[in-house]
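Work through the exercises below with the sequence and the 3D structure open beside you. Try each task yourself before you read its solution.

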Amino acid sequence: MSSAVASIADELRALLGTDRVSDTSANRDLHGHGESYHPTAPPDLVVWPTSSEEVAAVIAICVREGVPIVPFGAGTSLEGQVCALSGGVSVDLSRMNRILRVSVEDMDVTVEAGVTRLQLESVLRPQGVFFPVDPGADATIGGMVSTGASGTTTVRYGAMRENVVSLTVVTAAGEIVRTRSRARKSSAGYDLTRLFVGAEGTLGIVTEATLRLHPTPEAMSAAVCAFPGLSEAVASVVQTMQMGIPVARIELLDAVQLDAINRRYDLGYVAAPTLFLEFHGNKREVEEQAATVEEIARELGALTWSSTSDATERHRLWEARHHAHEATLALRPGARTVVTDVCVPISHLQQCIEETEVDLVESGLVAPLVGHVGDGNFHLALLVDPADAEEVGRAKNLAEKLAVRAIALDGTCTGEHGVGYGKAKFLPLEHGEGGMRLMRAIKDAFDPNGIFNPGKIFAD
């Protein structure tokens, strides 16, 4: 423990109580890594505040002594966002888990940052509304805000940026700031809300969020469609999007990923490149959407098409999709994943995937492909032995080549997982030196002492 942290440990215990401040190795290690191959970088202390005021008090103490602060939600991030690269204090927001207000009339909800996706869903479902962003993991809302998360329904309902109305944040000055009102639109000043969406805790700590809600559709149906190759599956996606069909979900899984899911969930689907789809609307709309997409798919050589409106079957399908990462890990027990996360304009999606397939064969690695392809976003989960430096190096080289390719195709190195420190070196290539200077100026203005999540987003 650094001398600076040691000097504030007793002060933090006096503020929060001894049960909400920990320096045990178990707690420190738990808060020093996410769910990827990035090595553990533990903080010196872990604290559990229960209010915005307590967060502000913790920040004030850390700022005074120049101690780094790393926000922590559920620990499901994939690019090292929660790694305490400079030590310091991990601020775990999981005990700030109250749903403060639900307004079906206004179609919004206000929650504390530690509320999880499934916790929120269980409260909203009986009221006939839902929050659409579903990154798969049971992430906290604060973490989803901080990484700019998205998920399977983004193609229709948008990502976090489109579904966050307002935030409460605590700044380096120890101020509790509300970024905007609950009005559905505003032209009053800078868009502070979206400045914090995707900031990964580098500008301040999000403690509350007001989110947009959507009515539960009258009718929903899901479909599974297998193709002879990835090219035909991607072409089907492109044509579907070009026709303006408002699909709620359109997910691509390659043959390796489909086989992994079949093994884990006993689904029995054909082990081929496959689309998982979902349609929302009234009964007639859902039937028309499904029929049109099926026609497109069959014209492009679809091997199979099956659909269901049964809620249990739909849930089983999407549960399997959401747990694709666990199914992938089961292919090689003890392995970790180097996960790619590129997003390109949909007109370049087929080229990007086809060129990546060639790279994958040349690498000799096992890496299922899955993606929210209606957005042009896809992932490879490169299975590696974390103790094998050569294998990890091959995976990182392939991931780097893919990121550079996506940027060259006018895309991005990260569509939803965020930057952390794993993707920081690609930002100058994507945004240019001028863009990076603007980002650095914002960082310096909000965090002049550089204590909020140091080492993330900026490579230097």
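The exercises that follow concern a predicted model, and each solution proceeds step by step.

**Exercise 1. Two helices**

Task: Describe how helix α9 and helix α11 are placed relative to each other, and state which residues meet.

Solution: Begin with the general idea that two packed helices are described by the angle between their axes and the distance between the axes. For helix α9 (residues 230-242) and helix α11 (residues 283-299), the axes come within 9 Å and cross at roughly 140°. Next, classify the angle: an angle over 145 degrees would count as roughly antiparallel and one from 65 to 115 as roughly perpendicular, with the rest, apart from angles under 35, being oblique, and α9 and α11 are therefore oblique to each other. The crossing in which α9 passes α11 is right-handed. Finally, look at the residues: S236, Q239 and T240 belong to α9, and they meet V293, I296 and A297 of α11. The residues of this contact divide into 3 nonpolar, 3 polar and no charged.

**Exercise 2. A sheet and a helix across it**

Task: Work out the strand order of the open sheet of 4 strands, find its edges, and say which strands helix α1 lies across.

Solution: Recall that strands of a sheet pair through backbone hydrogen bonds, either parallel or antiparallel. In this open sheet the order is β1-β2-β4-β3, and the pairing is mixed. The edge strands, each of which pairs on one side only, are β1 (21-22) and β3 (69-72). Now turn to β2 (residues 45-47) and β4 (residues 89-92), which run parallel and are joined by 3 bridges; V47 has V91 in β4 as its bridge partner. Helix α1 (residues 3-16) lies across β1, β2 and β4, and runs at about 20° to β2.

**Exercise 3. Two loop residues**

Task: Decide whether T116 and L78 are buried or exposed, and list what each is in contact with beyond its neighbours within four places in sequence.

Solution: Start with T116, which sits in the loop between β6 (108-112) and α4 (117-124). Because buried means under 20% relative accessible area, T116 counts as buried at 18%. Beyond its sequence neighbours within four places, T116 is in contact with D138, A139 and T140.

Then consider L78, found in the loop between β3 and β4. With a relative accessible area of 17%, L78 is buried. Setting aside neighbours within four places in sequence, L78 is in contact with E35, S36, H38, V339 and H417. As a last step, compare sequence with space: L78 and T337 are 259 residues apart in sequence, while their C-alpha atoms are 9.3 Å apart.

Conventions. Residues numbered from 1 in each chain as written. Predicted model: local features only at pLDDT ≥ 70, side-chain atom pairs only at ≥ 80, totals over all residues. Heavy atoms only, no water. Buried < 20%, exposed > 50% of the residue type's maximum accessible area, 1.4 Å probe, protein only. Contact = heavy atoms within 4.5 Å. Axes fitted to C-alpha atoms, helices over the stretch in contact; angles between N-to-C directions. Left-handed = near helix turned anticlockwise from the far one by under 90°. Nonpolar A, V, L, I, M, F, W, Y, C, P; charged D, E, K, R; others polar. Pairing = 2+ DSSP bridges.
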